[in-house]
Each structure stands twice: as C-alpha cells, then as structure tokens.
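Visitor: I should like to understand how the terms used for a protein structure are justified. Would you take me through them, one at a time?

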Amino acid sequence: GTDEEDIGQLVKAARDLGAPVAGLHYHLGSQIREIIGIRNNADLAVDSAIRIRDRTGVSLRTVNLGGGSGLPHHPEHPPELHPDALADVSGQAVSRLSLAVGEPVDGQIEVGRYLYAPAGVFLCRVVDVKRSRGQGFVITDCGITGFARPAVRWGEWHPVWKLGEAPRYDAGDTFDIVGPTCMPGDLIASQVRLNTPREGDVLVVGLTGAYGYSMSLLDWGSPERRVAEIVV
C-alpha cells in the first residue's frame, strides 16, 4: 500500500516509464460486520480519489473501493450483511465519484472472503481429550499445519462442532481445540462448547473456505502426511 500523499510520486514515475495509470485500488478494512462501516470506508475512498485526481490529474476510469465485508463467526456477532445493502452502498459511492469527476467511473468491490469462507470446512480427528490445570483440551491430529488462521495475529474465533451434530453454542463442556505439536500456539479454537468429545470423533471447523489451506503451515514440524484439500 501507499500513503495518499505519496501517490503523486508513483503517478509521475509511471508516466516517465510510459505506463498509464487507469485508476486506484483501496483497502481500508477487513471483517466489517456493520453496513455503516462499509459505507464510511466507501466514502473515505471516494473523497481520497477526488483529492488525488485534483492533485495529479490521474485517470479514474476504474476505482476499486476494496472489501472488508464481514461474516458472523459467533452468535454474539451481528447478522450477515445482505448483498443488496453492499451493492446499494457501493453504487451510491461510485455515482458520487462519477458526478464529481464528470465522467463514468468503473467501480469495483471485493467480496472474496464473504463468498468463499462459508463454502469450506476444515476437518480434523480427535486423538485425545484431557484436562490440565482445570482447562479441558481436545487434541486433534492436525492444527496449524492444516488451518493456521486462528493462530495468526489477526486470526479470530471460528465455530467448531462434531461431525454429524448440529453446531451448538450452549451445550456441553468448554474446551480448547488444539493440534498435536509442541507449540503453544497450535490452537484451532478456544472456549468451544462440545458435548462429550471422544477419541476418534471428527470435528468440523466452519467458515474456512478462505484463508484455509493457502495460509497454513503445511510442512511445519515435519508432519507424517500433508493435509489434503478437496475441491468439489
């Protein structure tokens, strides 16, 4: 990314090389679960694009407003944003930009994670259940070598349930779901409620269709087998 005040230098460098600049691409946030946040970011991008055009004369044939459309990962999160609301907010922003620059602007938004995360799950098998210092742990055969997103700095809580059962958030005992390695950060989910998990059970981690396989530490710790990715 580039600070707005430095865009002029990049535009000049591109022109010196004979490379046309056709627009701007913004990224202003991620996992935004309220439509007001999407609207605010779209307005910020439009205001910035107008300033940059006035200062540099750059073409705004295309402006990507970025993404950030969030998904509810937990019952306490607000409901999923409706596509019509996303389209309405983005359309208004692009219309305002087109009016300001006096010509049609090709507006774009990014909804990759919004679409792909619900399309995938991560499956792992329970190899042990134990308690340590009062905390319950479910040890699985594959943690960060198959799904590392919860363990990274910007990771977040993912729903976990037993295969064959409906997801529940109010039944059973509370466990941390971990992988088999020695690293304390080999964590899939914390404070998950499961009804009597046992060795051999298969756990389902939801909303993993984005940033799943491609983000994971597939060979960390020299696992006996690399986790498989199945695309249907």
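Guide: Let us begin with a definition: a disulfide is a pair of cysteine sulfur atoms within 2.5 Å. By this rule, the count here comes to zero disulfides. Please note that this is a predicted model, in which local features need pLDDT of at least 70 and side-chain atom pairs count only at pLDDT 80 or more, while totals for chains, interfaces and linings use all residues. Residues are numbered from 1 along each chain as its sequence is written, and side-chain values use heavy atoms, with hydrogens and water left out.

Visitor: Why does C124 form no bond with the closest cysteine sulfur?

Guide: The closest cysteine sulfur belongs to C142 and lies 7.2 Å from that of C124. The limit is 2.5 Å, so the distance is too far for a bond.

Visitor: What rules out a bond for C182?

Guide: For C182 the closest cysteine sulfur is also in C142, at 15 Å. That is too far for a bond, because the rule asks for sulfur atoms within 2.5 Å.

Visitor: Why do C124 and C182 count as buried or exposed?

Guide: Buried means under 20% relative accessible area, exposed means over 50%, and partly exposed lies in between (1.4 Å probe, protein chains only). C124 has 3% and therefore counts as buried, whereas C182 has 78% and therefore counts as exposed. Of the 232 residues of the protein, 39% count as buried.

Visitor: Where is G18, and is G18 buried or exposed?

Guide: G18 lies in the loop between α1 (7-16) and β1. Its relative accessible area is 62%, so G18 is exposed. From C-alpha to C-alpha, G18 and M215 are 36 Å apart in space, and 197 residues separate them in sequence.

Visitor: How many helices and strands does the protein have, and what makes a run count as one?

Guide: Helices (H or I, at least four residues) and strands (E, at least two) are DSSP runs, numbered from the N terminus. The protein has four helices and nine strands. From the N terminus on, their order is α-β-α-β-α-β-α-β-β-β-β-β-β.

Visitor: What makes β1 and β2 a pair?

Guide: Two strands pair if DSSP finds at least two bridges between them. Three bridges join β1 to β2 (residues 62-64), so the condition is met, and the two run parallel. One position to look at is G23, which stands opposite T62 in β2.

Visitor: Which strands are at the edges of this sheet?

Guide: The open sheet has three strands in the order β1-β2-β3, with parallel pairing. β1 (23-25) and β3 (106-108) are called edge strands because each pairs on one side only.

Visitor: How do you know that β5 pairs with β4 and with β7?

Guide: The bridges again decide. β4 (residues 122-132) and β5 (residues 135-140) share six bridges in the antiparallel sense, and V126 stands opposite T140 in β5. Two residues lie between the strands of this hairpin, in which R133 takes a positive phi near 50 degrees. β5 and β7 (residues 173-178) share four bridges in the parallel sense, and I139 has V178 in β7 as its bridge partner. Both pairings stand, because at least two bridges are required.

Visitor: What is the radius of gyration set against?

Guide: The radius is taken over C-alpha atoms, and the globule rule is 2.2 Å times the number of residues to the power 0.38. A compact globule of 232 residues would have a radius near 17 Å, but the protein has 22 Å. The C-alpha atoms fill a box of roughly 65 × 35 × 35 Å, taken along the principal axes.
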